[in-house]
Amino acid sequence: MAAERHRVVLSLDNVLLTEDKLRETPSMAHGLDREVETDMRMLSCEFIQSAGVLLRLPQVAMATAQVIFQRFYFSKSFINHDFEHVSMASLFLAAKIEESPRRVRDVINVFHFLKQKANGKASQPMDYMGNLYFATKNSVIKAERRILKELGFCVHVKHPHKIIITYLQMLDHQDTLELAQRAWLVCVPQLASVSICLFVCLSLCVSVSLSVYSFSTRFSVCVFCLCNLCEGIS
């Protein structure tokens, strides 16, 4: 009985965010404009993606980091929590979750490099014995703990990338490289939007169905039917 109570259920019917949370986020409640919050979410996810590439992390780790980041800011406000530190902490945590851990020093150094590049400054490595490094390191570690606390240590993410090939096989198009690439390319940008947080596999349904539809309209109905099977095959 106790095991049933504490069991985590992830399915298409399991709404992660209610309409009330979507209508007014904690940041909006603190006076942040919706468009500004959206820009901050997209910018942070772009930094996470770029940092993951420089750290040579697998795509699944970068995807997990972006989902964790998005979910956190539906519980906490951008006003009260530095999005730069939360971005670093999300990637640092996701790398461990996906069994590709990276040193916190490397994560901080990569974000520091990207920030300098974005501001048009010459790249200067951070002094690892300086106050700035130690302050940033402590902030990232605290942010990681705060993320785990707010998410209730429920950081499991079902990514659409893993099931795209399964869908293509069910449609007898596993050898169609162009279709697989389109599905992947439509899927990745959704990580920077809030749609990835609505349902566990919503982005999968959207990415595959849109990609197949753009490739050949006669398969669109088939894919939407396959979406009903998502819970069973994932």
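Student: Leaving out residues up to four places away in sequence, which residues does Arg23 touch?
Tutor: This is a predicted model. Arg23 sits in helix H2, residues 19–23. Once residues up to four places away in sequence are set aside, its contacts are Met28 and Arg34.

Student: What separation do the C-alpha atoms of Arg23 and Arg34 have?
Tutor: Arg23 touches Arg34. Along the chain, the two are 11 residues apart. Their C-alpha atoms are separated by 9.7 Å.

Student: Is Arg23 buried, partly exposed or exposed?
Tutor: Buried means under 20% relative accessible area, and exposed means over 50%. Arg23 has 48% relative accessibility, so the class is partly exposed.

Student: What pattern does the protein follow along the sequence?
Tutor: Count the elements: there are 13 helices and 0 strands. Read along the sequence, the pattern is α-α-α-α-α-α-α-α-α-α-α-α-α.

Student: Among contacts between residues at least 6 apart in sequence, what percentage join residues at least 24 apart?
Tutor: The protein has 234 residues, and 44% of them count as buried. For contacts between residues at least 6 apart in sequence, the share joining residues at least 24 apart is 72%.

Student: Which helix gives the most to the largest nonpolar core?
Tutor: That core has 36 residues, and Phe69, Leu91, Ile108, Phe111 and Ile147 touch the most other members. At least two residues each come from H4 (34–54), H5 (59–72), H6 (83–97), H7 (104–118) and H8 (131–150). With 8 residues, the top contributor is H6.

Student: Which residues does Ile147 contact, leaving aside neighbours within four places in sequence?
Tutor: Ile147 is one of the core residues that touch the most other members. With those sequence neighbours left aside, its contacts are Ile68, Phe72, Val86, Ala89, Ser90 and Leu93.

Student: How many residues are in the other core?
Tutor: This core lies apart from the largest one. Among its members are Ile164, Leu168, Leu179 and Ala183. Its residue count is 5.

Student: Are H4 and H7 roughly parallel, roughly antiparallel, roughly perpendicular or oblique?
Tutor: Their axes come within 10 Å and cross at roughly 120 degrees. Roughly perpendicular covers 65 to 115 degrees, and roughly antiparallel starts over 145. The crossing angle therefore makes H4, relative to H7, oblique.

Student: Which hand does the H4 and H7 crossing have?
Tutor: The axes of these helices come within 10 Å. H4 passes H7 in a crossing that is right-handed.

Student: How many nonpolar residues does the contact of H4 with H7 have?
Tutor: H4 brings Phe47, Ile48, Ser50, Ala51 and Leu54. They meet Val110, Phe111, Phe113, Leu114, Lys115 and Ala118 of H7. By class, 1 residue is polar, 1 is charged, and the nonpolar count is 9.

Student: Where is Arg56 found, and is it buried or exposed?
Tutor: Most residues other than glycine have a negative phi. Arg56 is not a glycine, yet has a positive phi of about 60 degrees. Its place is the loop between H4 and H5. Relative accessibility is 74%, so Arg56 counts as exposed.

Student: Which loop holds Phe153, and what is its relative accessibility?
Tutor: Phe153 also has a positive phi, near 60 degrees, in a residue other than glycine. It lies in the loop between H8 and H9 (161–170). Phe153 counts as exposed because its relative accessibility is 61%.

Definitions and conventions
Residues numbered from 1 in each chain as written. Predicted model: local features only at pLDDT ≥ 70, side-chain atom pairs only at ≥ 80, totals over all residues. Heavy atoms only, no water. Core = buried A, V, L, I, M, F, W, Y, C linked by side-chain atoms within 4.5 Å. Buried < 20%, exposed > 50% of the residue type's maximum accessible area, 1.4 Å probe, protein only. Helix = DSSP H or I, 4+ residues; strand = E, 2+ residues; numbered from the N terminus. Contact = heavy atoms within 4.5 Å. Axes fitted to C-alpha atoms, helices over the stretch in contact; angles between N-to-C directions. Parallel < 35°, antiparallel > 145°, perpendicular 65-115°, else oblique. Left-handed = near helix turned anticlockwise from the far one by under 90°. Nonpolar A, V, L, I, M, F, W, Y, C, P; charged D, E, K, R; others polar.
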